[in-house]
Amino acid sequence: PGERLRLDARFDYALDDSQRLDGGTAGKLYDVRKRTEELRAALAPRIRFNADSTLSLDAYYTRYYDQYVSEQRGSDDNDVDERTTDQLYTVAAQLDQRLGRHALSLGLEHQYEELEADRLDQTGERDRQAVFVQDELSLFGSRLTLVPGLRYDRDSQFGDQWSPKLSLRYDLAETW
């Protein structure tokens, strides 16, 4: 929409709906239907404050739905109707700031997932939060870069985790 603001938006939908006739033991016949739907939506604004500072925001939603139906012809004894719905919500923010030889990145994320399935006794829920910082420090000109970073994740299912990072990159040539 403008020189300093960029807005990316995406929407995807996929449907796979198939039917078949299966044969079982003792001449039994089953009408089988498998339906899978996937929906993905994303909104990602980018705000450039100046040549050295950018804020990126991301919001995602994903929904996966699966249904499996098997009906025995002439009887209800072995009928199956199984459904699964998995929804994932994600929001994230990242600030990129150049300060001399440093390129700093600071960010945070939040995810919430909800799983409903006939095979589960109750709805499954999971949430995760993360915060991270990273620096790209140019050494000896721009060909050698030191990249330290630190990330902290809090996950309702897997607990807390610190993830330190330290890497060194050497560019053989400017274009490679």
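**A walk through an antiparallel sheet**

Strands S7 and S8, the latter spanning residues 159-170, pair in the antiparallel sense over 12 bridges. The model shown here is a predicted one. Within this pairing, Arg151 has Ser163 of S8 as its bridge partner. S7 and S8 form a hairpin, with three residues between the two strands.

The pairing of S7 and S8 belongs to a wider arrangement. Eight strands form an open sheet, in the order S1-S2-S3-S4-S5-S6-S7-S8, and the pairing is antiparallel. Strand S1 (5-23) and S8 each have a single partner strand and stand at the edges, so one side of each is left without a neighbour in the sheet. From one strand to the next, the twist averages 10°. Strands of a sheet pair through backbone hydrogen bonds, in either a parallel or an antiparallel manner.

The path can now be followed back from S7. Strand S6 covers residues 124-139 and runs antiparallel to S7, to which 10 bridges join it. One of the bridge partners is the pair of Gln129 and Arg154, the latter in S7. S6 and S7 also form a hairpin, here with four residues between them, and Phe140 in the turn has a positive phi of about 50°.

On the other side of S6 comes S5. These two strands, S5 and S6, run antiparallel and are joined by 14 bridges, with Glu114 standing opposite Glu125 in S6. Their hairpin has six residues between the strands.

S5 (residues 102-117) in turn pairs with strand S4 (residues 80-99), again in the antiparallel sense, over 16 bridges. Facing residues in this pairing include Ala92, which stands opposite Glu109 in S5, and Thr90, which stands opposite Gln111 in S5. The hairpin of S4 and S5 has two residues between the strands, and Gly100 there takes a positive phi near 65°.

The side chains add further links. How many aromatic pairs does a search of the whole structure find? The search finds three. In one of them, Tyr61 and Tyr89 form a tilted pair, with 5.0 Å from centre to centre and 45° between the planes. Tyr61 lies in strand S3 (residues 53-72) and Tyr89 in strand S4, so the pair ties together parts that are 28 residues apart in sequence. Tyr89 counts as partly exposed, because its relative accessibility is 36%. Ring pairs also draw in Tyr112, linking Tyr61, Tyr89 and Tyr112 into a cluster.

Another pair brings the reader back to the hairpin of S7 and S8. Tyr152 and Trp162 have ring centres 4.7 Å apart and planes at 45°, so this pair is tilted. Tyr152 is in strand S7 and Trp162 in strand S8, 10 residues apart. Is Trp162 buried or exposed? Trp162 is exposed, because its relative accessible area is 52%, and exposed residues are those over 50%.

Trp162 also takes part in a feature of the surface. Together with Leu106, Val133 and Leu150, Trp162 makes a nonpolar surface patch of about 360 Å². Leu150 has its place in strand S7, which covers residues 144-155. Leu150 is partly exposed, because its relative accessible area of 35% falls between the limits of 20% for buried and 50% for exposed residues. The aromatic pair and the patch thus share Trp162.

How values were computed:
Residues numbered from 1 in each chain as written. Predicted model: local features only at pLDDT ≥ 70, side-chain atom pairs only at ≥ 80, totals over all residues. Heavy atoms only, no water. Patch = residues over 30% accessible without salt bridge, like charges linked within 9 Å, V, L, I, M, F, W, Y side chains within 5 Å. Areas by Shrake-Rupley, 256 points an atom, 1.4 Å probe, with all protein chains shown as cover. Salt bridge = Lys/Arg side-chain N within 4 Å of Asp/Glu carboxyl O. Buried < 20%, exposed > 50% of the residue type's maximum accessible area, 1.4 Å probe, protein only. Pairing = 2+ DSSP bridges. Axes fitted to C-alpha atoms, helices over the stretch in contact; angles between N-to-C directions. Phe/Tyr/Trp six-rings, centres within 6.5 Å; stacked < 30°, edge-to-face > 60°.
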